[in-house]
Amino acid sequence: MSQAPIAPITLRGAAGQLAGWQIEPADAPPRGTVLLVPGFTGSKEDFEGVLPLLADAGYRAFAYDQRGQWQSEGPDDVSGYTMADFVGDLQGVVDQISPDEPIHLVGHSFGGYVSRVAVIERPKRFRSFTLLASGPSSVEDINFPPPQLVAQLVEAGGQELIWQQMSAALFEAGQTPAPERMEFLHERILRTKKANILGILNCMTEPPLKDPAALRDSGVPLLVAYGDTNDLWAPEVHERFAEQLNAKTVVFPGSGHVPNEDVPEQVSAALVNFWKELP
């Protein structure tokens with residue numbers, strides 16, 4: 001394992017400070033720079049197991065909480081959480097962590113929604129892009145209630161209602177996180193702004209890309225990586241999406257929607273193999 005610790009950093013966002021993590025490889029020069037973007041109700045901690053492994057492989061690696069998530073600042077009004085707002089923050093983070101060189105971008109779930117728009121906007125800023133458990137949309141072909149319905153429930157019950165649903169889903173799936181892990185997940189939801197949750201649900205009401213061809217034709221090498229246990233998007237949905245994108249694929253057997261937490265060794269190895277094969 002890498003001897004370099006994960007270091008907390010502060011990044012600039014358009015609506016305030018963004019909390020981030022950074023880890024540097026022990027050997028110089030680095031092979032490249034990687035940015036990992038978390039999804040709905042997530043945070044940089046979703047990549048705690050992956051970041052040191054990427055550093056061990058020789059990469060500078062970063063993750064951050066999106067605006068209004070966990071430890072990042074963000075507006076109190078839902079109008080400050082449009083897709084353009086999330087994408088603008090991501091583009092700013094890219095320029096801060098690697099002003100001169102293109103980076104490898106990894107977007108998990110909703111983080112993949114934001115990331116794919118950013119790639120289309122400025123393809124030359126990205127050496128590669130990986131969609132990690134991030135399907136085509138939250139509108140169809142997904143095992144998720146309609147975003148408008150979830151938003152109504154959040155309006156009525158707030159973050160605590162989301163937590164109750166998430167924790168129930170964990171136990172129904174036979175997952176029993178350690179008490180300290182459950183405590184963290186609960187606190188993270190409560191500290192994530194309600195406007196962030198509602199804003200993301202707003203963004204989910206339509207596909208992040210009207211035409212996947214825009215991403216396919218960006219010229220950025222693409223990887224679609226996912227678990228096969230039918231969480232949220234069935235494997236065949238990811239496979240069909242990858243075909244539309246002309247992307248490479250990797251499957252993590254027995255893993256669900258968070259392979260970055262379930263099998264971080266497999267995820268990091270798949271990413272590094274993908275990057276090493278780039279021309």
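## Fold and packing of a predicted model

Of the contacts in the protein with a separation of 6 or more, 76% are between residues 24 or more positions apart, where contact means heavy atoms within 4.5 Å. This is a predicted model, in which local features need pLDDT of at least 70 and side-chain atom pairs count only at pLDDT 80 or more, while totals for chains, interfaces and linings use all residues. Residues are numbered from 1 along each chain as its sequence is written, and side-chain values use heavy atoms, with hydrogens and water left out.

The protein has 279 residues and a radius of gyration of 17 Å, which agrees with the value near 19 Å for a compact globule; the radius is taken over C-alpha atoms, and the globule rule is 2.2 Å times the number of residues to the power 0.38. Buried residues make up 54% of the 279, buried meaning under 20% relative accessible area with a 1.4 Å probe, protein chains only.

The protein contains 10 helices and 8 strands, which are DSSP runs numbered from the N terminus (helices H or I, at least four residues; strands E, at least two). An open sheet of 8 strands follows the order β1-β2-β4-β3-β5-β6-β7-β8, with mixed pairing; two strands pair if DSSP finds at least two bridges between them. Because β1 (7–13) and β8 (248–252) each have a single partner strand, they stand at the edges, and one side of each is left without a neighbour in the sheet. From one strand to the next, the twist averages 25°. Helix α8 (residues 235–245) packs on the sheet and touches β6 (126–132), β7 (222–227) and β8, its direction making about 175° with that of β7. Within the sheet, β2 (residues 16–23) and β4 (residues 59–64) run antiparallel and are joined by 4 bridges, and Trp 21 stands opposite Ala 63 in β4.

Two helix pairs are set out below, with axes as lines fitted to C-alpha atoms over the stretch in contact, and angles from 0 to 180 degrees between N-to-C directions.

| Helix pair | Angle | Axis distance |
|---|---|---|
| α2 (residues 83–97) and α3 (residues 110–121) | about 70° | 9 Å |
| α4 (residues 147–172) and α6 (residues 194–203) | about 170° | 9 Å |

The angle makes α2 roughly perpendicular to α3, a term for 65 to 115 degrees, whereas angles over 145 count as roughly antiparallel, as α4 is to α6. Residues of α4 in this contact include Pro 147, Val 150 and Ala 151, and those of α6 include Ile 197 and Leu 198. Between α2 and α3, the residues that meet include Met 83 and Phe 86 in α2, and Phe 110 and Tyr 113 in α3.

Methods. Buried means under 20% relative accessible area, exposed over 50%, partly exposed in between (1.4 Å probe, protein chains only). Angles under 35 degrees count as roughly parallel, over 145 as roughly antiparallel, 65 to 115 as roughly perpendicular and the rest as oblique.
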